[in-house]
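Colleague: I'm new to reading protein models, and I'd love to go through one with you. Could we look at it together?

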Amino acid sequence: MLSGSAALSVYAEPRMSRDLDFVVDLGGFQVPRFVQAFEKDFYLDEVVVREAVRARDLFNIVHEASGWKVDLVVTKDDPYRQLELSRRVIVDLAHAKVPVVSREDLILTKLWWSKTRNDACVRC
């Protein structure tokens, strides 16, 4: 599902961003198929993708023609993240049906990221 600044632009005044953020529900057995689907047009590293899936972490791919970066956040196993994924909404963007994080979950995630980032800075 679409998340981050691009998702915010669905609900509010768009702002410039240099990447797209997606939450993906990706299992290790799906990695080869995922890589094959994107390797023609995107730079990506299968080892990095596999490790991110194992750790339930973030990885990115870069569109080679445009330079656009896509951050892919592997969904966590915790109950809230599963609920967040189930509450996604389908939006028509440029004549394509795109799953987008709900408004409420987008706000909660932004607050969580802000708190996490600020807590990390306090420990520096």
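Modeller: Happily! One term first: a crossing of two helices is left-handed if the near helix is turned anticlockwise from the far one by less than a right angle, and right-handed if clockwise. Please also keep in mind that this is a predicted model.

Colleague: Then let me use that term: in which hand does α2 pass α3?

Modeller: Let's set the scene first. Helix α2 covers residues 31–38 and helix α3 covers residues 46–55, and their axes lie 10 Å apart. With the definition above, the crossing of α2 past α3 is right-handed.

Colleague: What is the angle between α2 and α3, and what is the word for it?

Modeller: The two helices pack at an angle of about 135°. Angles from 65 to 115 degrees count as roughly perpendicular and those over 145 as roughly antiparallel. The value of about 135° fits neither range, so α2 is described relative to α3 as oblique.

Colleague: How many nonpolar, polar and charged residues are in the contact of α2 with α3?

Modeller: From α2 come Val 31, Pro 32, Phe 34 and Val 35, and they meet Glu 46, Val 49, Arg 50 and Val 53 of α3. Sorted by class, that contact has 6 nonpolar, no polar and 2 charged residues.

Colleague: Let's stay with Pro 32: is it buried, partly exposed or exposed?

Modeller: Pro 32 sits in helix α2, where it touches Glu 46 and Arg 50, leaving out residues up to four places away in sequence. Its C-alpha atom is 9.4 Å from that of Val 49, which is 17 residues away along the chain. Buried means under 20% and exposed over 50%. The relative accessibility of Pro 32 is 40%, so the class is partly exposed.

Colleague: Now the whole chain: what pattern do its helices and strands follow?

Modeller: The chain has 5 helices and 7 strands. Of its 124 residues, 32% are buried. Read along the sequence, the order is β-α-β-α-β-α-β-β-α-β-β-α.

Colleague: What share of the contacts between residues at least 6 apart joins residues at least 24 apart?

Modeller: Here we take contacts in the chain between residues at least 6 apart in sequence, then pick those that join residues at least 24 apart. Their share is 43%.

Colleague: Which residue has a side chain joined to that of Asp 105 by a polar contact?

Modeller: Asp 105 is part of helix α5, residues 103–123. Its relative accessible area is 0%, so Asp 105 is buried. Beyond four places in sequence, Asp 105 touches Tyr 80, Glu 84 and Arg 87. The polar contact is 2.8 Å long, and the partner of Asp 105 is Tyr 80.

Colleague: And is Thr 75 buried or exposed?

Modeller: Find Thr 75 in the loop between β5 (69–74) and α4 (79–86). Setting aside neighbours within four places, Thr 75 contacts several residues, including Val 23, Asp 25, Arg 56 and Leu 85. The relative accessible area of Thr 75 is 2%, and with buried meaning under 20%, Thr 75 is therefore buried.

Colleague: Arg 56 came up there; what is its phi near?

Modeller: Arg 56 lies in the loop between α3 and β4 (58–63). At 18% relative accessibility, Arg 56 counts as buried. Its phi is positive in a residue other than glycine, with a value near 55°.

Colleague: What about Ala 94: is it buried or exposed?

Modeller: Ala 94 is in the loop between β6 (89–93) and β7 (96–100). Though not a glycine, Ala 94 has a positive phi of about 50°. Its relative accessibility is 73%, so Ala 94 counts as exposed.

Colleague: One last question: what distance separates the C-alpha atoms of Asp 41 and His 63?

Modeller: Asp 41 belongs to the loop between α2 and β3 (42–43). At 39% relative accessibility, Asp 41 is partly exposed. Apart from residues up to four places away, Asp 41 touches Val 62, His 63 and Glu 64. Asp 41 and His 63 are 22 residues apart along the chain, and their C-alpha atoms are separated by 6.0 Å.

Conventions: Residues are numbered from 1 along each chain as its sequence is written. This is a predicted model: local features need pLDDT of at least 70, side-chain atom pairs count only at pLDDT 80 or more; totals for chains, interfaces and linings use all residues. Side-chain values use heavy atoms; hydrogens and water are left out. Helices (H or I, at least four residues) and strands (E, at least two) are DSSP runs, numbered from the N terminus. Buried means under 20% relative accessible area, exposed over 50%, partly exposed in between (1.4 Å probe, protein chains only). A polar contact is a pair of N or O atoms within 3.5 Å; within protein, one must be able to donate a hydrogen and the other to accept it, and residues adjacent in sequence count only if both atoms are side-chain atoms. Contact means heavy atoms within 4.5 Å. Axes are lines fitted to C-alpha atoms, for helices over the stretch in contact, and angles run from 0 to 180 degrees between N-to-C directions. Angles under 35 degrees count as roughly parallel, over 145 as roughly antiparallel, 65 to 115 as roughly perpendicular and the rest as oblique. Ala, Val, Leu, Ile, Met, Phe, Trp, Tyr, Cys and Pro count as nonpolar, Asp, Glu, Lys and Arg as charged, and the others, Gly among them, as polar.
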